[in-house]
Amino acid sequence: MSKSEFQSVAVVLLPVLHSQAVTSCKAFLPANAGLLVQSDELTARYAESAARERIAAGDILARMLANDLPVPMAGTAILPFVEGMVPAMLADGIDAKTCEAANNIWTALSPLPPENIAATLGAILVAASKDKPETAETEADQAKRPFDDFAVCPYVATLEAKRS
């Protein structure tokens, strides 16, 4: 997956990621936590950007999942399934420590445009996937590290000049 492809998919998933983080973390965070206080505003802002990227993200997911599907599906059909699966995957295993980290990350990144948040999440996932232990792990240990095989083409964050 290229950086731009990841960004497209991540921007589309930001509203469901954020919404699930808010829902799951209400029990663990104080009422004035940044994640909770800004939730409606951020979800609305993320939804606007997600709407612009839906077709591209759906096509990317359709291409990536083509070999895993019993029949070919259009991106517009695959995307709702992915958006439905992500909250369930995130809700499993959320605890106070995870919510504290999520709150700190979302609160710090909230002023950024969704595209920048998506790029930052990509960089975090790539860094986390490289943090593998050097010793052999059991299958149970590997299951606890779902991002070990996450891959985005290597890149160095650069600033792109806007053409006017």
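In what order do the elements of the protein run from the N terminus on? They run α-α-α-α-α-α-α. The model under discussion today is a predicted one. The protein holds seven helices and zero strands. Of its 164 residues, buried residues make up 32%. Among the contacts with a separation of 6 or more, 72% join residues 24 or more positions apart.

I shall begin with helix 1 and its partners. Helix 1 spans residues 3-25 and helix 4 spans residues 75-91. The two pack at an angle of about 30 degrees, and their axes are 9 Å apart. Helix 1 is therefore roughly parallel to helix 4, given that angles under 35 degrees count as such. As for handedness, helix 1 passes helix 4 in a right-handed crossing. On the side of helix 1, the contact is made by V12, L13, V16, L17, Q20 and S24. Helix 4 contributes L79, V82, E83, V86, P87, L90 and A91. By character, the residues of this contact between helix 1 and helix 4 divide into ten nonpolar, two polar and one charged.

The second partner is helix 3. Here the packing angle is about 140 degrees, and the axes of helix 1 and helix 3 lie 6 Å apart. Why is helix 1 described as oblique to helix 3? The description follows from that packing angle of about 140 degrees, because only angles over 145 degrees count as roughly antiparallel, while 65 to 115 count as roughly perpendicular. Helix 1 passes helix 3 in a left-handed crossing. The residues of the contact of helix 1 with helix 3 comprise 14 nonpolar, five polar and four charged.

Two residues of helix 1 deserve a closer look. S8 is found in helix 1, and it counts as buried because its relative accessibility is 6%. With neighbours within four places in sequence left aside, S8 is in contact with E53, A56, A57 and I60.

P15 also lies in helix 1. Is P15 buried or exposed? At 14% relative accessibility, P15 counts as buried. Again leaving aside neighbours within four places in sequence, the contacts of P15 are T43, Y46, A47 and A50. The C-alpha atom of P15 is separated by 10.0 Å from that of S39, a residue 24 positions away along the chain.

Y46, just named as a contact of P15, brings me to the aromatic residues. How many aromatic pairs does the structure hold? There is one aromatic pair. Its members are Y46 and W106, with 5.7 Å centre to centre and 40 degrees between the planes, and the pair is tilted. Y46 lies in helix 3, residues 39-65, and W106 in helix 5, residues 96-109, so the pair ties together parts that are 60 residues apart in sequence. Both Y46 and W106 are buried.

Finally, I turn to helix 6, which spans residues 114-129 and includes G122. G122 counts as buried because its relative accessibility is 2%. Which distance separates G122 and K3 in space, C-alpha to C-alpha? The distance is 7.9 Å, although G122 and K3 are 119 residues apart in sequence.

To conclude, helix 1 is roughly parallel to helix 4 and oblique to helix 3, and one aromatic pair, Y46 with W106, ties together parts in helix 3 and helix 5.

Technical notes:
Residues numbered from 1 in each chain as written. Predicted model: local features only at pLDDT ≥ 70, side-chain atom pairs only at ≥ 80, totals over all residues. Heavy atoms only, no water. Axes fitted to C-alpha atoms, helices over the stretch in contact; angles between N-to-C directions. Helix = DSSP H or I, 4+ residues; strand = E, 2+ residues; numbered from the N terminus. Left-handed = near helix turned anticlockwise from the far one by under 90°. Contact = heavy atoms within 4.5 Å. Nonpolar A, V, L, I, M, F, W, Y, C, P; charged D, E, K, R; others polar. Phe/Tyr/Trp six-rings, centres within 6.5 Å; stacked < 30°, edge-to-face > 60°. Buried < 20%, exposed > 50% of the residue type's maximum accessible area, 1.4 Å probe, protein only.
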